[in-house]
Amino acid sequence: MAALARKLLICAAADGLFLHPTSTLESNGKSTCISYGDTAIGSAERNDDNGLHAKSIEAHGVVGLLKLATTSHLIAITGREQVAQIKGRAIYAVRDVTLVPLSSQTDAERAIAQAQKALKPSGAAAEEGEESDVGEDAEHEHEHVKQGVSEPAAITAALEPPKEGVLSKGVSIVKGVVADQGKYGRFAERWFSKGAHSQQGAKDGDKSAQEQEKEADSALPAQDEDVKTGAESEDQPPPLQPQDKDGEDSKLETSTQSPKKESSLESLTPRILRSAKMYFSASGFFFSYDHNLSRALVQEDASTSATPLWNRFDPLFFWNRHLMGQFIDAGQDGLVLPLMEGFVGQRAFTVARTEGTDHDEVAEALQKPEQVVAAQKQTQDASPATKGNQEDLLLTLISRRSVKRAGLRYLRRGIDDDGNVANSVETEQILSSQPWDTSAKTFSLMQIRGSIPLFFSQTPYSFKPMPVMFGSESTNQAASRKHFTAVQQRYGSVQVASLIDKHATEKPIGEAYEKQVKLLNGEGGIDGHPIAFEWFDFHAACKGMKFENVSILLNTLQTQLQTFGWSVQQNEDILHSQSGVLRTNCMDCLDRTNVVQSAIGGWALQQQLAELGLSINLQSDPKTQWFNTLWADNGDSISKQYAGTAALKGDFTRTRKRNWTGALSDFSLTLNRYYNNIFGDYFLQLNIDYLLGNVGLDAFGEFEADMRGQDYALDMRRVRQNAIETCVKIVLEDPKEEFVGGWILACPREANTLRSLPFEECVLLLTDAGVYFCRFEWDAEKIGSFERVDLRDLREVWRGVYVTDTLAAAHVDEGRNVGFAMRYATKGQAVVRRNTRSVGNQRVAEDEGAGKGELEKQAVDGKGEKGEKREMRLLAFKALPPKSSASKSREDGGDGAEGAMSEAETVMHICDELRRRMVAAVRKAEAADHTPEEKVPQVEERDVVSVAEARKGTGYIETLGYSLKKLVW
């Protein structure tokens, strides 16, 4: 097996992009070739045509392949910094990446040439800890200047590198993206236009305010280009036709549908590339060529040479696994370098034993990475005589962010159906000797953090948003059980420390969390082990900036923490394994959580030193400040990855003191977070989902339509399927009625209208006797109200284009925006019933009759006795996208197979089934087997709401609001 490549030369040849490992032992004399266009990966022999030449860049590893609609890019690590060393193995942080297009040799050469200009040696000392089999030249630090690595204009601007030191200075990734986009993409139509940022950006600075004002006016929506593409004519389109299963064009689809999809993604490509470059360059990614960063110290693999590193790397922390998929499939193990997001930091310190005093003296402490790495080498070479009466120790802090439910604050909260929680981070604190002497004891303490394991969300448009919980109690309990089961299997017993407020906006979710844990414990806990729960109101206890009161919580948890202990290793033997873990959370799992975790880490460090016969005072000794800064750096890194700014309360973490300067700094950071939440997080979240392989390219088209993201980790199809089943059990009261099918559709917010925004998701049930229209309360998973319409009362049914919005191209796509409407007379059994109490899924499953007696019957306005005048009413439904829809029918066995239909096929299927049941109902009522079908209304082919009608109904304020959104985002 070839060794993992530590240095690569990347060059563009006629046959493809070649990756040359500089060490013959790493490459076995072979290179890797990536073909242009199809990006096929294979091995190739070195020769003069593809060998080393001037048109190449040096890389320290590969992140993976970023594949978009029409282009693909190789992401290579071109800037790194050694931040730690574990057992003589170097740990690096990614500082810069270069994206090389794989469209053609010309584009690749252009990108390489631009990267060469950016990677100019600054004359810094060579990196320490680098091993080479062929005596590699000294590697220099690089100063980062503006570079672009893709197509000539737009993509070049998109790949401008971050400024050096972006992590340490606390610059937000999102703010950087938005700031640059705001400067160059001032107007809505230019925001998503290819080449806008590079070509127009330089001109904006020279324009007068009047010229810019004129351009702003012209950008506002008199005639939106996106809207124009939606309808070629205001005449009615041809009748609705189903889409052919084999992919043939249907009349429902407009001739420009495919080009629109492609152009939409192409226009976003520069921004996607910019986000990818900044994300990998400034988000705290770490790697090692020979140390498995994903495993705890006592979990290191026994076989480290036979199995490739990527195959031993924990998938939970393997952030570029999706991007590396093609290299793994091609067997290029020597190029598969796993990246971990989180934090890695080290501090070297020396403790001199002193007699006659309460505490020993910290003689020396080193904080800069290069000093810490050098100290490990010096102490390894030092003789026992030179050490004297002192201990040279090393404290290593590693935080590993989970790839599950990964993302940004407010856009990823709570839990998903599989039990994964947002902002899940495992933090390991390791105390060892500086030379990593195996004969000396090494200690490892594990802590975890993660969002509250309940289904909830919070709006990003508020400084103190109220948590909105959703899902039934049984749904939340099932997900919570999965979560705690996984935690227990990985770490052992669980002690929960919840730091949220016991009042105001946080109180309800805190009570719900406590209730869920009690329910789990009441059912025997997890495999017979109860979950320990401690609710510590951090803000109340530390009111008045008295953060030292965290010691109250520590005293409460101390007995449990001592029971858990920590792992101890000596002479390659594990003397003790940590038997449980402290799971800490606040609302964001950032600021309060970091203060508490650092306090636990400090307590454990003092206990471990005592086991070595040493004693230091972390609270009052100024020479122990290095411990506080190490944990503060850890908190800042995790906070930047989740919230876009450094952690709040960082002054206390660093100094163990809280003052008004720190409070003002926190206010500034809060404003910065608010800015990120509103203007940049949605698009960055979408990029994170795509880089991890959670979504496909279609998600970018959906983003451009409404400039909002979705929580793709939540299985909404399962929720929708459950909604149909709930409605069937509650609503269908007559056992003689035969259930035909159920569907999730969109409907106007107000009854008896065609276009009242916003549209809501509803449940439509069809039986052999009637139609049931159910409004569902999705947050509580209960029926809000339902209306029954007898099939014999239907007077008119029509299907066709159903456009409810004209602001984006996707909104006016006549092939996808389709629906149907029906008009009926209010007689017979036409009634509305409203639910006055919550009906949970679990309760419904136990008793199908539950809740029926609680539905208050209300007569529909206009309903009269026989002979009275009857009012005509209207119901309208719009098909949801296939991946969002759900269905249930007698024929498919309830597996929701119909959900795979296109929007047009769904509408055709429902309307055809409805017509058949209408005919059967009339014949049954007349006791005739051959009632002429002419007596039953036909399904007409005409628009429900055409593009022209929708455009007339779109107000100027609504259009202006969308344009401003597009301008900013």
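Two residues are in contact here when they have heavy atoms within 4.5 Å of each other. Keep that in mind while we look around this predicted model.

**Two helices that meet crosswise**

Let's try that idea out on helix 14 and helix 15. On the helix 14 side, Glu473, Asn476, Gln477, Ser480, Arg481 and Phe484 take part, and they meet Tyr513, Lys515, Gln516, Val517, Leu519 and Leu520 in helix 15. Sort the residues of this contact by type and you get 5 nonpolar, 4 polar and 3 charged.

How are the two helices arranged? Two packed helices are described by the angle between their axes and the distance between the axes. For helix 14 (residues 473-491) and helix 15 (residues 507-522), the angle is about 70 degrees and the axes are 10 Å apart. Angles of 65 to 115 degrees count as roughly perpendicular, so helix 14 and helix 15 are roughly perpendicular to each other.

Ser480, one of the helix 14 residues in that contact, also has a neighbour from elsewhere in the chain. Asn420 is 60 residues away from Ser480 in sequence, but their C-alpha atoms are 9.0 Å apart in space. You'll find Asn420 in the loop between strand 14 (390-401) and strand 15 (425-433). Is Asn420 buried, partly exposed or exposed? Its relative accessibility is 21%, so Asn420 counts as partly exposed. If you skip the neighbours within four places in sequence, Asn420 is in contact with Lys404, Arg405, Gly414 and Ile415.

**Another helix pair**

Now slide along to helix 17 (residues 550-564) and helix 18 (residues 591-611), whose axes come within 11 Å and cross at roughly 55 degrees. That crossing makes helix 17 oblique to helix 18. The crossing is also right-handed.

Which residues do the meeting? From helix 17 come Val550, Leu553, Leu554, Gln558, Leu561 and Gln562, and from helix 18 come Val595, Val596, Ala599, Ile600 and Trp603. This contact splits into 9 nonpolar, 2 polar and no charged residues.

**Into the core**

In soluble globular proteins, nonpolar side chains tend to be buried together. The largest nonpolar core in this model has 47 residues, and the members that touch the most others are Leu17, Leu19, Ile34, Leu74, Phe327 and Val344. Strand 7 (residues 72-86) gives this core its largest share, 5 residues.

Take Val344 as a closer look. Leaving out residues up to four places away in sequence, Val344 touches Val83, Ala84, Ile91, Phe286, Leu293, Leu397 and Ile398. There's also a second, separate core of 42 residues, and among its members are Leu99, Leu337, Val403 and Leu408.

**A few backbone oddities**

Most residues other than glycine have a negative phi, and most peptide bonds are trans. This chain has some exceptions worth finding in the structure. Leu757 and Pro758 are joined by a cis peptide bond, with omega at about -5 degrees. Pro758 sits in the loop between strand 24 (739-747) and strand 25 (760-767).

Two residues go the other way on phi:

| Residue | Phi | Loop between | Relative accessible area |
|---|---|---|---|
| Thr39 | about 55 degrees | strand 3 (30-34) and strand 4 (41-45) | 0% |
| Glu572 | about 65 degrees | strand 21 (567-570) and strand 22 (573-576) | 53% |

Neither is a glycine: Thr39 isn't, and Glu572 isn't. Where do they sit relative to the surface? Thr39 is buried, whereas Glu572 counts as exposed.

**Two more buried spots**

Thr98 belongs to strand 8 (residues 89-101) and is buried, with a relative accessible area of 0%. Its C-alpha atom is 9.3 Å from that of His73, which is 25 residues away along the chain.

Val919 is in helix 26 (residues 903-925), and at 7% relative accessibility Val919 counts as buried. Val936 is 17 residues from Val919 along the chain, and their C-alpha atoms are separated by 6.1 Å.

**Stepping back**

How many helices and strands does the chain have? There are 28 helices and 34 strands. Of the 969 residues in the chain, 57% are buried. Finally, look at contacts between residues at least 6 apart in sequence: 71% of them join residues at least 24 apart.

Definitions and conventions: Residues are numbered from 1 along each chain as its sequence is written. This is a predicted model: local features need pLDDT of at least 70, side-chain atom pairs count only at pLDDT 80 or more; totals for chains, interfaces and linings use all residues. Side-chain values use heavy atoms; hydrogens and water are left out. Axes are lines fitted to C-alpha atoms, for helices over the stretch in contact, and angles run from 0 to 180 degrees between N-to-C directions. Helices (H or I, at least four residues) and strands (E, at least two) are DSSP runs, numbered from the N terminus. Angles under 35 degrees count as roughly parallel, over 145 as roughly antiparallel, 65 to 115 as roughly perpendicular and the rest as oblique. A crossing is left-handed if the near helix is turned anticlockwise from the far one by less than a right angle, and right-handed if clockwise. Ala, Val, Leu, Ile, Met, Phe, Trp, Tyr, Cys and Pro count as nonpolar, Asp, Glu, Lys and Arg as charged, and the others, Gly among them, as polar. A nonpolar core is a set of buried Ala, Val, Leu, Ile, Met, Phe, Trp, Tyr and Cys residues joined through side-chain atoms within 4.5 Å. Buried means under 20% relative accessible area, exposed over 50%, partly exposed in between (1.4 Å probe, protein chains only).
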